[in-house]
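Thanks for making time this morning. I would like to walk you through one structure, going from the whole chain down to a few individual residues, so please have a look at it first.

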Amino acid sequence: RIAGSQHSVLVISPRSMMRLLLCTLLALVASSQAFVAPAVQSRSVTIARAHSTMTVLVVNGKKINAPAGSNLGKAVAKGGLKPNYSCKKGDCGSCTLSVGGTRIKACVGKVPPEPKLKSLQEKGLVVR
C-alpha cells in the first residue's frame, strides 16, 4: 500500500526486477522521508512512513506523545488545550504557545524534536 493513498503496488517478476523497482521507489520517496519494504508473503511492495521520533508534551498536566514535526495545534488539542486562532497564518501571534520555554505559533508551528537531555525526554516538554 502507498502511504496516504488507496493504491497498492503488486510486483510479479524476478528478483533483479524487484530490486530495480525497490531502488527506484526508494529514490522517489526519499525526499518525503518514507521507505519501501517488501512484504514477505504477498510479494507486494509497501510504502510506509519512516520511523519518526516521538516528543513527549505535557499539556495541562497530561503527557502526550506527538510525532516530531507534526502540527503543534493538533497535538496540543489532544491534551485538551485549544489555542486561540485569529489569522491561522502565523501573522497575528494570538495562538503563540510556550513549548519547553520556546515560543511557537500553534497554527503554523511544528512539534519540536525530542530533547537530547534524558530528564526532559522522560518528563516531557511543558506546553503553556
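The accessible surface of this protein, which we have here as a predicted model, comes to about 8,700 Å², and carbon and sulfur atoms account for 56% of that surface. Of the 128 residues in the protein, 29% are buried.

As for the secondary structure, there are three helices and eight strands, and if you follow the chain from the N terminus, the elements come in the order β-α-β-β-β-β-α-β-β-α-β. If we take the contacts with a separation of 6 or more, 42% of them are between residues that lie 24 or more positions apart.

Let me turn to the interior. In soluble globular proteins, nonpolar side chains tend to be buried together. Here the largest nonpolar core has 17 residues, and those with the most contacts inside it are Leu57, Val59, Leu72, Val76, Leu97, Val99 and Val127. The elements that give two or more residues to this core are β4 (54–59), β5 (62–67), α2 (72–77), β6 and β8 (125–127), and of these it is α2 that gives the most, with three residues. To see how such a residue is placed, take Val76, which, if we leave out residues up to four places away in sequence, touches Val59, Leu81, Pro83, Leu97 and Val127.

Strand β6, which we have just met in the core, covers residues 96–99 and runs antiparallel to strand β7, residues 102–105, with four bridges joining the two. Within this pairing, Thr96 has Lys105 in β7 as its bridge partner. The two strands form a hairpin with two residues between them, and Gly100, in the turn, has a positive phi of about 60 degrees.

Now to the cysteines, where I would like to go slowly. How many disulfides does the count come to? The count comes to zero, and it is worth looking at the individual residues. Cys92 is in no disulfide, and the nearest cysteine sulfur, that of Cys87, is 3.6 Å away. With a relative accessibility of 42%, Cys92 counts as partly exposed.

Why is Cys95 not bonded to Cys107? The sulfur of Cys95 has its closest cysteine sulfur in Cys107, but the distance is 3.4 Å, which is too far for a bond, because a disulfide requires the two sulfur atoms to be within 2.5 Å. Cys95 is buried, with a relative accessible area of 3%, and Cys107 counts as buried too, at 16% relative accessibility.

Cys107 itself is found in the loop between β7 and α3 (118–123). Leaving aside neighbours within four places in sequence, Cys107 is in contact with Asn71, Tyr85, Lys88, Lys89, Gly90 and Cys95. Its C-alpha atom is separated by 7.3 Å from that of Leu72, although Cys107 and Leu72 are 35 residues apart along the chain.

One of those contacts of Cys107, Lys89, brings me to my last point, which concerns charge. Side chains of opposite charge can pair when their charged atoms come close. In this model the count comes to one salt bridge, in which the side chains of Asp91 and Lys89 meet at 4.0 Å, N to O. Are these two residues buried or exposed? Asp91 is exposed, and Lys89 is exposed as well.

Conventions: Residues numbered from 1 in each chain as written. Predicted model: local features only at pLDDT ≥ 70, side-chain atom pairs only at ≥ 80, totals over all residues. Heavy atoms only, no water. Buried < 20%, exposed > 50% of the residue type's maximum accessible area, 1.4 Å probe, protein only. Contact = heavy atoms within 4.5 Å. Areas by Shrake-Rupley, 256 points an atom, 1.4 Å probe, with all protein chains shown as cover. Pairing = 2+ DSSP bridges. Core = buried A, V, L, I, M, F, W, Y, C linked by side-chain atoms within 4.5 Å.
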